[in-house]
Amino acid sequence: MRLTPQLLLAAYSQGVFPMGHDDGEIYWYDPDPRTILPLETFHVPRSLKQRIRRGGFTVCLNTAFRAVMSACAAPAPGREHTWITAEIVDAYSVLHEYGYAHSVETWLDGRLVGGLYGVALGGLFAGESMFSHVTDASKIALVFLVERLRANGFVLHDTQFMTEHLRRFGAVEIPRSEYHQRLAQALTIPAQLD
């Protein structure tokens with residue numbers, strides 16, 4: 001089954017997302033519990049606030065989408081294999097061209113050093129992956145993203161699975177049934193990420 005923009009949008013609207021596997025196949029997930037990052041209680045650790053105040057980074061939206069995806073897909077220590085296959089990169093790049101997939105890029109001295117990407121649909125932002133080549137670069141991208149989501153009327157930030165990294169920002173696990181209720185409400189909101 002080809003990953004078309006229509007298929008991806010239909011999946012996200014039902015709470016389902018794809019991941020590539022080592023066998024070359026795409027599998028679909030709807031985890032229970034589901035992890036979300038509540039926008040109203042998003043917590044920025046004090047040390048990160050200080051790092052942001054010191055400056056030096058430039059943060060942009062949608063200026064290097066494919067480069068962010070490629071960096072997220074690259075092997076890293078402790079993660080030699082990735083679920084972000086070439087097919088997924090191509091499919092989400094088309095979704096980006098359609099205005100549904102977005103990236104946040106963190107730059108330092110003209111070099112892409114961190115970022116994240118995800119899918120926006122109604123008042124939902126489904127975070128997919130992030131990367132960092134410099135300490136705090138992906139975290140700074142996340143802070144920028146949450147500020148934009150709040151300002152633009154988003155109500156649901158899906159992060160799929162819990163990690164210690166996300167827990168530090170206030171991520172919580174909720175039952176799949178509650179996620180689907182929140183998703184249905186979020187899809188009625190005409191939010192835009194710009």
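## Exercises on strands, burial and odd backbone angles

Asn62 comes out as partly exposed because its relative accessibility is 27%. Keep in mind that this is a predicted model. Let's start with that residue and work outwards.

**Exercise 1. Place Asn62 in the fold and say what its phi looks like.**

Step 1: find the element. Asn62 sits in the loop between β4 and α3 (65–73).
Step 2: check the backbone. Its phi is near 60 degrees, a positive value in a residue other than glycine.
Step 3: classify the accessibility. Buried means under 20% and exposed over 50%, so 27% makes Asn62 partly exposed.

**Exercise 2. Gln160 also has a positive phi; work out where it is and whether it is buried or exposed.**

Step 1: read the angle. Phi of Gln160 is about 70 degrees, although the residue is not a glycine.
Step 2: locate it. Gln160 belongs to strand β8.
Step 3: apply the cut-off. With 5% relative accessibility, Gln160 counts as buried, because the limit for buried is under 20%.
Step 4: look across the strand pair. Gln160 in β8 is the bridge partner of Thr35.

**Exercise 3. Describe the surroundings of strand β8 (residues 156–160).**

Step 1: count the covered residues. Five of its five residues are buried.
Step 2: split them by face. Leu156, Asp158 and Gln160 lie on one side, His157 and Thr159 on the other, and all are buried.
Step 3: list strand partners. Strand β3 (residues 34–36) pairs with β8 in the antiparallel sense over two bridges. Strand β7 (residues 124–132) pairs with β8 in the parallel sense, over three bridges, and Phe125 stands opposite His157 in β8.
Step 4: zoom in on Asp158, which is in β8. It counts as buried because its relative accessibility is 0%. Asp158 and Leu37 are 121 residues apart in sequence, yet their C-alpha atoms are 6.4 Å apart in space.

**Exercise 4. Trace the pairing on either side of strand β5 (residues 101–108).**

Step 1: check the cover. Seven of the eight residues in β5 are buried.
Step 2: take the β4 side. Strand β4 (residues 57–61) and β5 are antiparallel, with five bridges; Thr58 stands opposite Trp107 in β5.
Step 3: take the β6 side. Strand β6 (residues 111–121) and β5 are antiparallel as well, with eight bridges, and Glu105 has Gly115 in β6 as its bridge partner.
Step 4: inspect the turn. β5 and β6 make a hairpin with two residues between them, and Asp109 in that turn has a positive phi of about 55 degrees.

**Exercise 5. Find the cis peptide bond and place its proline.**

Step 1: look at omega. It is about 5 degrees for the bond joining Asp32 and Pro33, which is cis.
Step 2: place the proline. Pro33 is in the loop between β2 and β3.

**Exercise 6. Contrast Glu25 with Leu95 by accessibility.**

Step 1: start with Glu25. This residue lies in the loop between β1 (17–20) and β2 (26–29), and 45% relative accessibility makes it partly exposed.
Step 2: add its company. Asp22, Asp23, Glu25 and Glu87 form a negative surface patch.
Step 3: turn to Leu95, in helix α4 (residues 86–97). At 0% relative accessibility, Leu95 counts as buried.
Step 4: check a distant partner in sequence. Leu95 and Leu8 are 87 residues apart along the chain and 8.3 Å apart in space, C-alpha to C-alpha.

Methods. Residues are numbered from 1 along each chain as its sequence is written. This is a predicted model: local features need pLDDT of at least 70, side-chain atom pairs count only at pLDDT 80 or more; totals for chains, interfaces and linings use all residues. Side-chain values use heavy atoms; hydrogens and water are left out. Buried means under 20% relative accessible area, exposed over 50%, partly exposed in between (1.4 Å probe, protein chains only). Helices (H or I, at least four residues) and strands (E, at least two) are DSSP runs, numbered from the N terminus. Two strands pair if DSSP finds at least two bridges between them. Patches are made of residues with over 30% relative accessible area and no salt bridge: like charges are joined within 9 Å, nonpolar side chains (Val, Leu, Ile, Met, Phe, Trp, Tyr) within 5 Å. Accessible areas come from the Shrake-Rupley method with a 1.4 Å probe; for residues, only the protein chains shown count as cover. A salt bridge is a side-chain nitrogen of Lys or Arg within 4 Å of a carboxyl oxygen of Asp or Glu. Lys and Arg count as positive and Asp and Glu as negative; His and the chain ends are not counted. The place of a charge is taken as NZ of Lys, CZ of Arg, CG of Asp or CD of Glu.
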